Amino acid sequence: MKRIERLTAIVAYLQSRRYTSIEDLQDKFEVSERTLYRDLRSLETAGTPIAFEKDRGYYIVGGHFLPPMTFTLEEAKSFIFVEQLARKYIDPETFERFSSALLKIKHKLKESQLESWEQLEEKVGVYIGKEESARFMPLAEQACTHRHVLRMQYRDIMGRPSERKIEPIGITFYSQTWHVIAWCQLRKAYRDFSLARVEDLQPTSEIFGEGHLSLAEYIQQLQASESD
């Protein structure tokens, strides 16, 4: 990636997050810490309102408007593949919001780009069975975001029913279905619940604390135990 492209991408990355550490930027752009500090100084000199908060990271100063980035044709066309997967694997409410955002992207395309978009759009599709687990996605997402305890009617892989109260820490996708990773109050441990086997899911008024593992930490522990 050329430096001018990286500078533009850094601004876009900072805009997409509340706080960004220098380590996050290193992982994203695969350059040295020294190079990133030089890039950040260059952006500040050019007038980009970048600020830093200790123990949190860099951010774009609130209230300052930065014009949206334009898309290259190849960047724009990549959304077509995402759209087809989203159509199958996310719930209708979330997909409607995604489609609305996608229309805003299409409105930014030039006429020649739009023609190429539409030609590819006709040639990409996902034609396999409807994913049933997506129907509980909005509730699971809201519970993860706001730390709400959920009451759940669940059938395990053997078909045995149980009622659980769970404290969800994240949502992940594998084996053709969505899963909620949560602290199970019944088992007093973290558990992986396939949303395809959830029969009912209801929010409660209970709020759980912040002491849980993050989703990334849970997966790291799982991978470590599997490699032992």
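Eight helices and seven strands make up the secondary structure of this chain, and what you're looking at is a predicted model. Five of the strands come together in an open, antiparallel sheet, and helix α7 lies across four strands, β3, β4, β5 and β7. As for disulfides, a search of the whole structure comes up with zero.

**The chain overall**

- The C-alpha trace spans about 60 × 50 × 40 Å along its principal axes.
- Of the 228 residues in the chain, 35% are buried.
- Take the contacts with a separation of 6 or more, and 55% of them link residues that sit 24 or more positions apart.
- The chain has an accessible surface of about 14700 Å², and carbon and sulfur atoms account for 52% of that area.

**The five-stranded sheet**

- Reading across the sheet, the strand order is β6-β5-β4-β3-β7, and the pairing is antiparallel.
- The edges belong to β6 (189-194) and β7 (198-207); each has a single partner strand, so one side of each goes without a neighbour in the sheet.
- From one strand to the next, the twist averages 45 degrees.
- As background, strands of a sheet pair through backbone hydrogen bonds, and they can do so in parallel or antiparallel fashion.

**Zooming in on β3 and β7**

- Strand β3 covers residues 148-155 and pairs with β7 in the antiparallel sense, over six bridges.
- For a concrete handle on that pairing, look at Gln-153: its bridge partner in β7 is Asp-200.

**The helix across the sheet**

- Helix α7 takes in residues 137-146 and lies across β3, β4 (161-174), β5 (177-184) and β7.
- Relative to β4, helix α7 runs at about 85 degrees.

**Cysteines without a bond**

- With zero disulfides found in the whole structure, Cys-144 is in none, and the nearest cysteine sulfur to it, that of Cys-184, is 15 Å away.
- Seen from the other end, the closest cysteine sulfur to that of Cys-184 is the one in Cys-144, and 15 Å is too far for a bond, because a disulfide calls for sulfur atoms within 2.5 Å.
- The surroundings of these two cysteines are worth a look as well: Cys-144 is partly exposed, with a relative accessible area of 22%, while Cys-184 is buried, with a relative accessible area of 0%.
- Why does Cys-144 count as partly exposed? Its relative accessible area is 22%, and buried means under 20%, so Cys-144 falls in the partly exposed class.

Technical notes. Residues are numbered from 1 along each chain as its sequence is written. This is a predicted model: local features need pLDDT of at least 70, side-chain atom pairs count only at pLDDT 80 or more; totals for chains, interfaces and linings use all residues. Side-chain values use heavy atoms; hydrogens and water are left out. Two strands pair if DSSP finds at least two bridges between them. Helices (H or I, at least four residues) and strands (E, at least two) are DSSP runs, numbered from the N terminus. Axes are lines fitted to C-alpha atoms, for helices over the stretch in contact, and angles run from 0 to 180 degrees between N-to-C directions. Contact means heavy atoms within 4.5 Å. Buried means under 20% relative accessible area, exposed over 50%, partly exposed in between (1.4 Å probe, protein chains only). Accessible areas come from the Shrake-Rupley method with a 1.4 Å probe; for residues, only the protein chains shown count as cover.
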